[in-house]
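Here's a quick look at one structure, starting with its ligand site and ending with its cysteines.

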Amino acid sequence: MKKVYTCFCTSVIHEGHLNIINEAQKYGELIVGVLSDAAMLRFDKFPIISCEERMNMVRAIPGVSKVILQEKLLYDDVIKEIKPDYVIHGDNWLRGPMYSLRSKVAALLETYGGKIIDVPYSYSEEIKRTDARVREKLAMPEYRRKRLHQLINICDIVKTIEVHSGLTGLIAEKTLVETEEGLDQFDAMWVSSLCDSLAKGKPDIELVDMTSRFRTIDDIMEVTTKPIIFDGDTGGLTEHFVYTVRSLERMGVSAVIIEDKTGLKKNSLFGTEVRQTQDSIDNFCAKITAGKKVQLTDDFMIIARIESLILEKGMEDALNRADAYVRAGADGIMIHSRKKEPAEILEFCDHFRSHNTETPIVVVPTSYNSITEEELVQHGVNIVIYANQLTRSAFPAMEKTARAILQHHRALEVDENLMPISDIISLIDEL
Ligand code: SPV
Ligand code: MG
């Protein structure tokens, strides 16, 4: 009996999957791989049921002789282990980012005479509706809110990109690249106070009020499913912060990060060039504890951001504060630095991890941007935030276009740098 292999990356079975199973049976005994949680994430398919449940779901389908776990997006390990005579897949992998995955499978099969069977992909209204329902579910507050916790448990590092509008939200949601390991994309979104303020032409000094910041979140949530980490600045007065926590939690935001500064907050990247005051440990702990007390679910996270290195108060101060904030109830620690080199951040992480292996660490490598995600993982970092790069790349591009139109008294010369209207419109989903 020949061996046929297919891999499912889904939380629901629809007629397209059943079609593949029917086809596969014509060629031999069918083994189905269920893609692991971590690999599903890289494929824009956040699991809405557990891996065990997905395996049971597939086991229950008549015609499936065996179900195995496929750990990685690449088929290499599975193919080497089970040596299938055929790998069967929808022919949608003949195009787009999945094509390189198919090429790698084809090359492996060729080494021993195995073959790929491309089955015409089923595009029915029913399948479209099923896929859309899964996405809609992921966008609901109760699913989205808990997703950051889930990601911290599933991925080595949660890759987070700044967003400040529906359009930047779509970039965070949909950007997908081919990599050595298969495919990759961002896991979460950061609603930066700097970029949210800049988008409104305002300074980053807590001037843009919460109602306006919530409006930005709402615009982003309308068109995305990924979890949101909100830059809550100082959190304001404790009496106000508790209301902010309630609102964010209700909206489905996963985490708020508040920084231990007080008075008129300035952007951290100014460091000691401007007057900035760090809050006392007691005050800031009281704010964290008050916030934790009012939240209603276990999903929401309050992450404490330490400004000691920014304000040149020293490593010991930063580490003392980290321990105090964790004791006050913080669900994570963000450590910030404006040094060009990552040394002080890594030193902090190593010290903190030597006695605390649990509390998630968040970093923002804006100045020390040579550090790789892999190095951060080695030092115990759980979340990396690319905090302002979308804004900083869009602004010079727009300014250049504006200048060129003025110089040429027409728009022809700028056209080659513009995205065709048809492409930009294709970003937008129609209901
Ligand atoms: C932001 O993005 O608004 C931040 C990070 O708070 S930083 O600008 O580096 O302070
Ligand atoms: Mg900020």
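## Around the ligand

Ligand 1 is ringed by Trp-190, Ser-192, Ser-193, Leu-194, Asp-231, Asn-267, Ser-268, Leu-269, Arg-305, His-336 and Ala-387, where near means a heavy atom within 4 Å. By type, that shell splits into 4 nonpolar, 5 polar and 2 charged residues.

This is a predicted model, with local features needing pLDDT of at least 70, side-chain atom pairs counting only at pLDDT 80 or more, and totals for chains, interfaces and linings using all residues. Residues are numbered from 1 along each chain as its sequence is written, chains are lettered from A and ligands numbered from 1 in the order written, and side-chain values use heavy atoms, leaving out hydrogens and water.

## Oxygen contacts and cover

Which side chains have an N or O atom 2.8 Å or 2.7 Å from an oxygen atom of ligand 1? Ser-192 does at 2.8 Å, and His-336 does at 2.7 Å. Leu-194 uses its backbone instead, with an N or O atom 2.8 Å from a ligand 1 oxygen. The protein covers 100% of the 280 Å² of accessible area that ligand 1 has on its own (Shrake-Rupley, 1.4 Å probe).

## Cysteines

There are 0 disulfides here, a disulfide being a pair of cysteine sulfur atoms within 2.5 Å. For Cys-7, the nearest cysteine sulfur belongs to Cys-9, 6.9 Å away. Cys-7 is buried at 12% relative accessible area, and Cys-195 is buried at 1% (buried is under 20%, with a 1.4 Å probe and protein chains only).

Key
A polar contact is a pair of N or O atoms within 3.5 Å; within protein, one must be able to donate a hydrogen and the other to accept it, and residues adjacent in sequence count only if both atoms are side-chain atoms. Ala, Val, Leu, Ile, Met, Phe, Trp, Tyr, Cys and Pro count as nonpolar, Asp, Glu, Lys and Arg as charged, and the others, Gly among them, as polar. Buried means under 20% relative accessible area, exposed over 50%, partly exposed in between (1.4 Å probe, protein chains only).
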